[in-house]
Amino acid sequence: MKGAEQRVGAGEETWWQRRQLGIIHLQQGIFQSSSSEPSWMKDVVKDVDENLIKQFLSEVKTSELEQNLRELTKIPHMATSPGDEQTVQFMLKRWKDPSSGLDDAWRQEYAVYLSFPDPEKPNKVTVVDPSDAELYTVREKEKPYYDDQRHPDVVQPYAAYAPAGHPRGKLVYAHQGKAADYELLNKTVDLRGTIAITRYGGAGRAAKAINGAPYGVVGVLVYTDPLDINDGVMSDTSETYPHSWYLPPSGVERGSYSIPFGDMLTPYLAAKDDTYRIPRENVTEIPPIPVQPIGFEDAYKLICELGGDAAPSDWQGGFNCTYNNGGPGFNTDSVFNNSDVKLDIYNHETVKNSSNVMGIIRGSVEPDRYVIYGNHRDSWVHGAIDPSSGTSVMLEITRVLGSMVKQGKWRPRRSIIFGSWGAEEFGLIGSAEYTEDYFTKLSERTVSYINVDIATFANATLRASGVPSVQNVIFQASQQVSAPGHDSLSVYDNWIKYSNRTSPTHGLIPRMGYLTGAGSDYAAFVHYLGIASMDISYTYDRTKTNARIYPAYHTAYDTFDYASKYIDPGFVSHQAVARTAGNILIRLADSLLLPLNCTDYAESLEDYLKEAVTLYEAQLQTKGISMEPLKWAVANFRREAKNLEELIRSSHLANDTPLKARRINDQLMLLDRAFLNPYAFPDQYGFRHVIWASSSAGKPTFPGLADAFARVQSSGEPRDWEKVHYHLSVLSQAIDGAASMLAEVI
């Protein structure tokens, strides 16, 4: 296995070597400053122990990971359900274990706004003729293959936060329910009073209904097309689960049909019993019309009977029929001719207590600096992969580290906080409420956030996303872990085979993603608090499947049997993720100087700037708007990042106190806070980070600028150029402000 010294920057000192040299100088300077050091001095200058990391890696066991997953998936555990309470008690028991537990563990409840179907009145989708006779009824629950699917707590597939109602109308096919899809369909089909059937992908769940309502659509069906998830296979007699990892025909993806993250009734406030709640009618960005998800076996029956013109070629899917738009309605020669589709939806909303389970290992030198590691606990059904693969990994990491602490072998320099978040599936609620509850303390004290939600989508390669400053520590940790099935190949070297890019600084390296949306619990930490965050998992070889996600996602088939047979036999990918994430955690908690690299941030800003100049500068010049302030800010950031790294590399700190290391660490820790602007995105709850905010423009550049430019191109309104100029100024000043954070003095 090649180490970090050989992998990056061959022929010259690596970033990590330069940094380690600075640490050695610091240690030497402190020890030379006094002939009789106080007893605490060695702890103050102690750096991460590589031997301890090796010990940690050796003690992460596949057998423990397997047993964790088996225990976590015994029964369904949707948020606030009896099964969820069982997982709360299980987490507390493990984290309070006298031989392998944490220093402390507790539950923390929030009263949050959730949405459920009515078990007494199951949601129903039917095809009805003019006399109201039912010609066809959609399956209410998925087909059971094993007892897992027969468990009484398996919730009926439903669209959380979609309203109750009984719409009825002619069926139309609206592809993915994007705004552009409805706009195109409306040119040839009268959508008023229709029911639209859409497929997952392209647009968010809630958007499929929000986009259709203005055209007069009164209800929406959503299904997973076999072309998008199953590489086209459809039969459960030999092709799909239980014969393979592919989704059975009756499988239905449940999900939250909401756009904002966090509790919707208490934006920017922790959802406690006495917290002010906005009126329900003021809640936006949820479906205004009833919605119901269905399986592709039922979607096949409906879509293949539709009349009207053939849908565009890129709207066609995996069924062996032509996807028509709908007349609206069915073909005249169909058994459903002149019939309507009717939705009877009985969803209801309620405020219920949902629990986070929190645990902590207290730091020995800097207990007021936090490294936070999180994973949500709730699932839609059994949730073996989502999220219990990640919970299994977190429990194994805490078992190994907790044992070291209990045995007196180790205590981290900084405090480690573990969060088992509740109600994530309803919109990242537990983690968001936690950040709102402790906004100031977390903003001032948190070093980094590590998120491992789905630990294993499949077993081909590592996948990691994060702010650029965490890239190096992820690379270094992944170089020390063997890839599953490849004892002589590291996770890093395996990763670079599947996904890579050429860096001007480092050469060929694995390609990391950015945290530009709100796909998991990192959202509140990076977008709302500006904390250096990352998300880590193992995933599949995208050259071998077109599946947009693992096929059993959010269905009743995401069980221990499915995970152990088809996702990660032997639990070796779980082990690789646990070793990698745990390695990163130890380095962030124990390194004398934080392993955060601001020069990698400079490279990402330069990439974004280059794209922005290519896309926008010529048109901006015609409007008298200059990009020079942005160019200068990015160049200034590069200069200050280089200067700080040079300071770390070359300093001889014989006459300095340990506070110099603390000062440099604070500069690195607070870097992402400098990119926050609470007024940059007033219409997007929780998004304050001007570099990584969610964007609808689909351009690999600064999100606010890209969206503002897309808006002015669409509207043609002169006043929208003011918003482009505004976001250009926001960016320039944020980047320049971040550069000043890296400077030694003001």
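This passage describes a sheet, a helix lying across it and two helix pairs in a predicted model.

The UniProt record, an unreviewed entry, places the feature "domain: Peptidase M28" at residues 356–564. Over residues 356–564 the chain is 31% helix and 28% strand. The C-alpha atoms at the two ends of this stretch are 27 Å apart.

Strands of a sheet pair through backbone hydrogen bonds, in either a parallel or an antiparallel sense. In this model, seven strands form an open sheet. Their order is 1-12-14-13-15-21-16, and the pairing is mixed. Strand 1 (104–116) and strand 16 (461–466) stand at the edges. Each has a single partner strand, so one side of each is left without a neighbour in the sheet. On average, neighbouring strands of this sheet are turned by 20° against each other, direction ignored.

One pairing within the sheet joins strand 15 (residues 446–451) to strand 21 (residues 533–539). These two strands run in the parallel sense and share three bridges. Tyr 449 has Ser 533 of strand 21 as its bridge partner. Helix 19 (residues 572–590) lies across strand 15 and strand 21, and also across strand 13 (366–376) and strand 14 (414–421). The helix runs at about 160° to strand 21.

Two packed helices are described by the angle and the distance between their axes. The first pair considered here is helix 6 (residues 82–95) with helix 12 (residues 388–406). Their axes come within 10 Å and cross at roughly 20°. An angle under 35 degrees counts as roughly parallel, so helix 6 is roughly parallel to helix 12. The crossing of these two helices is right-handed. Helix 6 contributes Phe 90, Met 91, Arg 94 and Trp 95 to the contact. Helix 12 contributes Thr 391, Met 394, Leu 395, Thr 398 and Arg 399. By class, this contact has five nonpolar, two polar and two charged residues.

The other pair is helix 20 (residues 598–622) with helix 23 (residues 703–715). Here the axes come within 12 Å and cross at roughly 45°. That angle makes helix 20 oblique to helix 23. Their crossing is left-handed. On the helix 20 side, the residues in contact are Ala 612, Tyr 616, Gln 619 and Leu 620. They meet Leu 705, Ala 706, Phe 709 and Gln 713 of helix 23. This contact has six nonpolar and two polar residues, with no charged residues.

Technical notes. Residues numbered from 1 in each chain as written. Predicted model: local features only at pLDDT ≥ 70, side-chain atom pairs only at ≥ 80, totals over all residues. Heavy atoms only, no water. Axes fitted to C-alpha atoms, helices over the stretch in contact; angles between N-to-C directions. Helix = DSSP H or I, 4+ residues; strand = E, 2+ residues; numbered from the N terminus. Parallel < 35°, antiparallel > 145°, perpendicular 65-115°, else oblique. Left-handed = near helix turned anticlockwise from the far one by under 90°. Contact = heavy atoms within 4.5 Å. Nonpolar A, V, L, I, M, F, W, Y, C, P; charged D, E, K, R; others polar. UniProt positions renumbered as here; feature names shortened; annotations may be inferred. Pairing = 2+ DSSP bridges.
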